[in-house]
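Walk through this chain with the coordinates open beside the text. The tour starts in a loop and moves outward from there.

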Amino acid sequence: MIVDSASATKRQRFTAVDPMELESAKAKLAAAKEKFGREIRVFETATASSVPPDVSSNVSEEPEDFYEFTPEDYYRLLGTKKEEKHLKTKKIREAEEAARRARITKAVIRVRFPDNYILEATFHPSETIKSLLDLLVKVIARPELPFYIYTTPPKKQIKDFSQDFYSAGFIPGAVVYFSYDLPKGDDGAAASGSYLQEEVMSLQGLDSMIEKMEPGEPSRDESPTTKPPPSVPDQKPAADKKKIKPKWLKL
C-alpha cells in the first residue's frame with residue numbers, strides 16, 4: 001500500500017498529540033487571561049543577546065550621539081510635511097485620519113526584556129500606555145523595583161503614559177524595551193534572575209502548540225481517501241449515414 005509522504009507526516013504529527021496536553025495548554029492560557037485581564041504570549045527571540053547576564057543592559061546601549069539627527073534630515077522631513085499640507089485640505093485630512101483610526105481595532109505590543117524574552121499583549125488602540133505599565137507590574141518578577149520602558153533607535157524613554165496607543169504611533173503594533181531604573185551598582189543583582197514571573201514564563205510556546213494541535217487538519221483516525229475518477233459513458237460509434245448524392249452533382 002502506497003501512502004503519500006505529506007499525509008504520513010501530517011498523520012504522524014497528529015498521532016503524537018496528547019488531548020490532555022492540549023486541554024492543559026488551553027486551561028493555562030485561559031487562567032492567565034482571567035488573571036491579567038488580557039491575552040498574553042511569551043516567547044524567546046531567535047538571536048541571543050549580546051549582553052552578558054551579569055552586566056546591565058544599559059552598558060551595551062549605544063550613546064545618544066550615535067543616532068545623530070542631521071540638519072539635512074530635519075529639512076527633508078519638514079519639506080515633506082509642508083507638501084502634504086498644501087496638497088490636502090484640513091477636512092480631507094481629518095476624514096482620512098478618522099477612517100484610518102476606525103479600521104484599526106487592536107494594537108499588538110511586544111515588550112522585550114534584557115534576557116531576550118518577549119512578552120506580547122493585545123490592547124485596543126484607544127487604551128493608554130498606562131494600561132501597559134499596569135500589565136507589566138502584574139507580570140514581572142520584581143514589581144517593587146522601579147523600571148521604565150523605551151523605544152529605540154534612538155533610545156527614547158516613554159514618559160507620557162496618558163497617550164493612547166494610536167496617538168503614540170503604536171499601531172498596528174510596536175516593540176518597546178524594558179529596563180530597571182536602578183543605579184549601575186545595583187542593577188546587576190536585579191538582572192541575575194528572570195524578569196518575568198515563573199507562572200508567566202510557563203506560558204512560553206503554548207499558543208504555538210495549540211495552533212499546531214487544533215482541528216482544521218484531517219483527524220488522526222481519518223485515513224486518506226481517494227475518490228475514484230468520474231465514469232465516462234462509453235461512446236458508441238455513430239451509425240453509418242446513408243450516402244446521399246447532392247442534387248448539383250451530375251455524373
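Pro172 sits in the loop between E5 and strand E6 (173–180). The peptide bond that leads into this proline, from Ile171 to Pro172, is cis, with omega near -5°. A second cis bond runs from Thr152 to Pro153, with omega near -10°. Pro153 belongs to the loop between strand E4 (147–151) and strand E5 (156–157). Helices and strands here are DSSP runs, numbered from the N terminus: H or I of at least four residues for helices, E of at least two for strands.

A word on the source. This is a predicted model, numbered from 1 along each chain as its sequence is written. Local features need pLDDT of at least 70, side-chain atom pairs count only at pLDDT 80 or more, totals for chains, interfaces and linings use all residues, and side-chain values use heavy atoms, with hydrogens and water left out.

How confident is the predictor in the protein chain? The mean pLDDT (the predictor's confidence in each residue, from 0 to 100) is 75, and 58% of the residues reach 70 or more. Over residues 47–62 the pLDDT is below 50, and this stretch has 18 contacts (heavy atoms within 4.5 Å) beyond near neighbours in sequence. Residues 217–223 also stay under 50, with 12 contacts beyond four places in sequence. Where pLDDT is low, the predicted coordinates should not be read in detail.

Now the overall layout. The protein chain has 8 helices and 6 strands. From the N terminus, the order is α-α-β-α-α-β-β-α-β-β-β-α-α-α. Of the contacts between residues at least 6 apart in sequence, 75% join residues at least 24 apart. Buried residues (under 20% relative accessible area, with exposed over 50% and partly exposed in between; 1.4 Å probe, protein chains only) make up 25% of the 251 residues. The chain exposes about 18500 Å², of which carbon and sulfur atoms supply 56%. Those accessible areas come from the Shrake-Rupley method with a 1.4 Å probe; for residues, only the protein chains shown count as cover.

Go back to the loop between E4 and E5, where Lys155 is also found. Lys155 is partly exposed, at 24% relative accessible area. Its C-alpha atom is 9.5 Å from that of Tyr177, which is 22 residues away along the chain.

Ile140 lies in the loop between helix H5 (129–139) and E4. Is Ile140 buried or exposed? It counts as buried, because its relative accessibility is 0%. Beyond four places in sequence, Ile140 is in contact with Phe113, Phe147, Phe178, Tyr195, Leu196 and Gln197. Ile140 and Glu198 are 58 residues apart in sequence, yet their C-alpha atoms are 9.2 Å apart.

Next, strand E1, which holds Phe43. Phe43 is buried, at 18% relative accessibility. Setting aside neighbours within four places, Phe43 is in contact with Arg110, Asn116, Tyr117, Ile118, Glu120 and Gln204. Asp207 is 164 residues from Phe43 along the chain, with 9.7 Å between the two C-alpha atoms.

One of those partners, Asn116, deserves a stop. Asn116 is in the loop between strand E2 (107–112) and E3. Its phi is near 80°, a positive value in a residue other than glycine. Asn116 is buried too, at 4% relative accessibility.

The tour ends at the second largest pocket, which holds about 290 Å³ of space. A pocket is an open set of points on a 1 Å grid over the protein atoms alone, where a 1.4 Å probe fits, with protein on both sides within 12 Å along at least five of seven lines; lining residues have an atom within 4 Å of a point. Grid points are joined across faces, edges and corners, and the volume is the space filled by probe spheres set on the points.

Which residues are closest to the centre of this pocket? They are Leu29, Glu39, Ile40, Arg41 and Asp207, out of 13 that line the second largest pocket. Helix H2 (19–36), strand E1 (40–44), strand E3 (117–123) and helix H8 (206–213) each give two or more residues to the lining. H2 gives the most, with 4 residues. The lining divides into 6 nonpolar, 1 polar and 6 charged residues. Here Ala, Val, Leu, Ile, Met, Phe, Trp, Tyr, Cys and Pro count as nonpolar, Asp, Glu, Lys and Arg as charged, and the others, Gly among them, as polar.
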